[in-house]
Amino acid sequence: MLDAAVKAGAPENIIAWVEDAQLQDTVDLMKNSDLILATGGGAMVKSAYSSGKPALGVGAGNCPSIITELADLDTATSSIIQSNTFDNGVICATENSVIVLDKVYDKVVKLFEAKNGYVLSKKEDLEKISKVMFKEGKYGLLNPALVGQTPAQIANIKIPQNTVLILCKAEKTSYDEPLAHEKLSTYVALYRAKDLDHAIEISKDLLKMGPGHTASLWTDEIKGKDEISLWSKSLNAKRMVVNMPASLGAVGDMYNFYLEPSFTLGCGSWGGNSSSKNIGPLNLLNTKTVALRRENMQWMRLPERIYHKFGCLPVALQDLKEWNAKKVFIVTDPVVNSLYGQKVTSVLEEMGIKYDIFSDVEPNPTFVTTKRGLNSMNNSKPDVVIAIGGGSAMDAAKIIWLLYEHPDAKFEELSMTFNDIRKRIAKFPKMSGNVKLICIPTTSETGSEVTPFSVITDDKTHIKYPLADYALTPNMAIVDPELTLTVPKGGTNAPALDALTHLFEAYVSVLATDYTDPYCLQGIKTIFEYLPDAYHNGKTAVLARSKMADAATQAGMAFANAFLGIVHSMSHKIGGRFDVIHGCANSILLPYVVRYNAAVLIDGGKQNYFSQYKTANSLERYAAIARHCDVKGNNDADLVDKLIAKIQKLSKEVEISSSFKDYFVKFNLNVSEKDFLDALDKMTQDAFDDQCTPANPRVPLLKDIKQIYLDAYYGKPVAPLSK
């Protein structure tokens with residue numbers, strides 16, 4: 001952290017620490033400080049407040065979560081599991097007790113169990129946990145061996161292998177009941193309440209062991225207004241979160257607009273703290289916040305004009321007259337320029353518009369290439385940029401276009417990761433509109449003609465960076481299938497599988513909406529139906545080529561707004577490292593990732609975090625794709641198994657390798673097994689950090705990404721979901 005801070009321009013000694021600190025060292029350090037921010041155990045916080053120096057500290061949390069009869073039980077149970085598996089319950093605002101009203105208790109238990117929760121009711125098992133909860137049997141002094149552990153590590157109790165949360169049945173709420181205290185791990189106390197009044201009384205008792213911190217309520221926001229009012233007035237908690245995972249709702253921003261983002265959560269005077277807020281600049285008042293769940297506004301943003309139909313290119317380019325264009329800068333590659341360049345330049349010449357051509361774009365364009373293109377564009381001084389070719393030409397053109405208007409933009413800032421594209425640490429500069437961008441695809445592939453994405457490879461590290469911002473959205477897209485008739489087989493199969501992957505990933509993305517779903521379903525069905533004909537009968541399959549062009553652009557329209565997932569994250573990295581054709585990498589990885597995402601509940605995996613994504617539903621979403629494509633199955637798991645087989649059959653039919661090992665041999669790439677294994681850890685970490693990862697429906701662990709890479713390298717059979 002110190003090295004990174006200094007490199008970013010901070011003073012040399014901005015961060016310091018004490019090696020092998022003893023208790024007295026901490027006390028002395030506090031006495032010699034100007035201000036103390038204390039986050040940790042009660043003894044350390046007490047010492048901070050006793051130091052004689054200004055101090056801000058936190059207190060113990062013990063969040064009780066009430067589920068009423070009006071609650072969305074599916075979302076409530078999914079969210080409580082999400083909350084507890086986020087950092088394994090260490091966040092002090094995490095639900096420590098779940099209090100369920102009697103009428104829905106049995107339904108809630110069944111839902112928890114269906115989502116790999118395990119309800120513990122045997123007296124001897126409950127006693128095992130209770131006996132090891134506290135160090136030396138002292139209440140309030142948690143046994144550190146249990147903190148932040150997985151369910152399997154909590155106690156010597158026989159539980160199902162895929163258990164993600166243990167729910168310990170409890171009745172007592174007094175101080176001498178261990179399960180009534182804060183737990184900081186992946187187990188909670190489970191109480192059954194007669195009615196809401198009884199649930200509130202239970203919550204009051206529990207908050208005696210964590211006053212002032214957090215309380216949670218699940219109800220209907222409209223029908224349950226009176227429940228929210230009674231609950232909020234009755235409890236002495238400073239963060240009162242409604243219908244959201246308590247740990248993430250209480251730390252602010254993602255699930256509501258009321259709480260400032262912070263992991264240091266004050267408890268006010270109720271909890272012995274100097275602040276009741278999420279610690280920030282203003283911490284002088286004790287403030288109670290009732291936060292109702294609010295989902296982020298979503299969006300549908302596309303180019304201003306999208307023209308499509310066989311032979312539409314010369315007609316669509318007439319819009320340049322409307323723009324009063326005087327000079328055009330064409331970005332392409334040598335092959336496309338020789339095949340199709342004249343189709344564009346002849347129209348420009350007829351309209352009396354001058355042009356310059358930059359045709360040096362290579363597959364997987366590098367940042368150095370965009371700099372050369374920028375130099376050419378600076379000399380050309382156009383008012384319109386036309387990118388014609390595959391995804392590489394359009395990717396390069398977008399960055400050249402951006403840097404032309406904003407030469408001071410920094411690549412390392414543009415490539416920073418994000419969750420919500422509108423909330424970024426480094427903002428993309430806005431385009432003035434003085435220079436417009438037209439994208440003309442010659443392959444049915446990336447959909448870049450309608451997306452805000454550009455994938456650029458770092459020349460030195462060979463890492464592909466997917467840059468994304470709506471500033472990169474073209475002003476016009478011209479989708480003319482006539483340009484794809486002469487594309488050879490090698491330019492048809494891999495691009496089409498790239499488009500298919502776009503559609504699959506956008507459909508199960510945490511940002512998928514009713515606006516993007518129709519594009520996905522239609523595009524997937526189209527590719528399954530028409531790709532074989534387009535591949536085998538390219539020059540004469542006019543209908544198939546047209547359908548494939550439409551599907552690729554529909555895919556771009558979908559993932560431009562719903563984004564992608566870990567197939568692309570992983571594909572970017574193995575492509576950059578070993579020059580694997582992007583569509584081939586996607587084709588090889590897609591079956592494994594579909595299985596991985598669909599098995600989130602089966603494996604006990606983690607549902608990803610975004611307020612619109614309420615429950616882990618990727619199995620059902622993939623099954624919906626299967627049904628739309630006329631796949632027949634006995635249940636959702638069976639449908640997804642058959643859908644995976646359908647993907648693999650299509651890949652085989654268009655002659656794409658089924659494993660990376662076979663791919664390296666097929667293309668005579670000098671990549672040994674050792675080369676792959678040596679690069680595996682770095683590719684795994686980089687894939688996890690890729691901008692596409694946050695939209696994946698299942699949170700990938702590093703070990704999971706690594707295993708998918710290994711399975712895809714060796715071509716291991718995809719394990720069936722159905723038994």
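1. Let's start at phenylalanine 563, which sits just after helix H19 and takes a positive phi of about 70°. Please keep in mind, here and throughout, that this is a predicted model. The helix that comes before this residue, H19, covers residues 542-562. How far apart should the ends of its 21 residues be? At 1.5 Å a residue the span should be 30 Å, and the end C-alpha atoms are indeed 30 Å apart, so expectation and model agree. H19 is also mostly covered, since 17 of its 21 residues are buried. While you look along it, a handy rule: an α-helix has 3.6 residues a turn, so residues three or four places apart point the same way.

2. Two other residues deserve a look for their backbone angles. Leucine 184 is not a glycine, yet its phi is positive, near 55°. You will find leucine 184 in the loop between strand E6 (165-169) and strand E7 (187-193). Asparagine 668, also not a glycine, has a positive phi of about 55°. Its place is the loop between H25 and helix H26 (673-688). Are these two loop residues buried or exposed? Leucine 184 counts as buried, at 17% relative accessibility, whereas asparagine 668 is exposed, with a relative accessible area of 71%.

3. Now the cysteines. A disulfide is a covalent bond between the sulfur atoms of two cysteines. How many disulfides does the structure hold? The count is zero. Cysteine 439 shows why: the closest cysteine sulfur, in cysteine 312, is 14 Å from its own, which is too far for a bond. To count, the two sulfur atoms would have to be within 2.5 Å. Cysteine 629 is in no disulfide either, as the nearest cysteine sulfur, that of cysteine 520, is 11 Å away. Both residues are covered: cysteine 439 is buried with a relative accessible area of 0%, and cysteine 629 is buried with 8%.

4. Next, the aromatic rings. A pair of aromatic rings is described by the distance of the centres and the angle of the planes. The count for this model comes to eleven aromatic pairs. In one of them, phenylalanine 578 and phenylalanine 664 have ring centres 5.7 Å apart and planes at 65°. Planes over 60 degrees apart count as edge-to-face, so that is the name for this pair. Phenylalanine 578 belongs to helix H20 (residues 566-578) and phenylalanine 664 to helix H25 (residues 660-666), so the pair ties together parts that are 86 residues apart in sequence.

5. Stay with phenylalanine 664 a little longer. Its ring also pairs with that of tyrosine 663: the centres are 6.1 Å apart and the planes are at 75°, so this pair is edge-to-face too. Tyrosine 663 counts as buried at 2% relative accessibility, and phenylalanine 664 is buried with a relative accessible area of 2%. Phenylalanine 578 is buried as well. Which residues do ring pairs link into a cluster here? They are Phe578, Tyr663, Phe664, Phe667, Phe676, Tyr713 and Tyr714.

6. Rings can have charged neighbours as well. The charged end of arginine 621 sits over the ring of tyrosine 507, 3.9 Å from the ring centre. Arginine 698 lies over the face of tyrosine 596, and here the distance to the ring centre is 3.8 Å.

7. Strand E18 (residues 476-479) makes a nice exercise in counting sides. In a regular strand the side chains alternate between the two faces of the sheet. In E18, Met476 and Ile478 are on one side and Ala477 and Val479 on the other, and all of them are buried, so both faces are covered. Strand E11 (residues 305-308) runs parallel to E18 and is joined to it by four bridges; there, tyrosine 307 has isoleucine 478 as its bridge partner. Strand E15 (residues 436-441) also runs parallel to E18, with two bridges, and isoleucine 438 has methionine 476 as its bridge partner.

8. Finally, visit glutamate 322, in helix H12 (residues 319-322). With 52% relative accessibility, this glutamate counts as exposed. A polar contact of 2.7 Å joins the side chains of glutamate 322 and arginine 305. Threonine 85 makes a contrast: glutamate 322 and threonine 85 are 237 residues apart in sequence, and their C-alpha atoms are 56 Å apart in space.

How values were computed. Residues numbered from 1 in each chain as written. Predicted model: local features only at pLDDT ≥ 70, side-chain atom pairs only at ≥ 80, totals over all residues. Heavy atoms only, no water. Expected span 1.5 Å × (residues − 1). Buried < 20%, exposed > 50% of the residue type's maximum accessible area, 1.4 Å probe, protein only. Polar contact = N/O pair within 3.5 Å; in protein donor to acceptor, adjacent residues only side chain to side chain. Phe/Tyr/Trp six-rings, centres within 6.5 Å; stacked < 30°, edge-to-face > 60°. Lys NZ or Arg CZ within 6 Å of the ring centre and 35° of its normal. Pairing = 2+ DSSP bridges.
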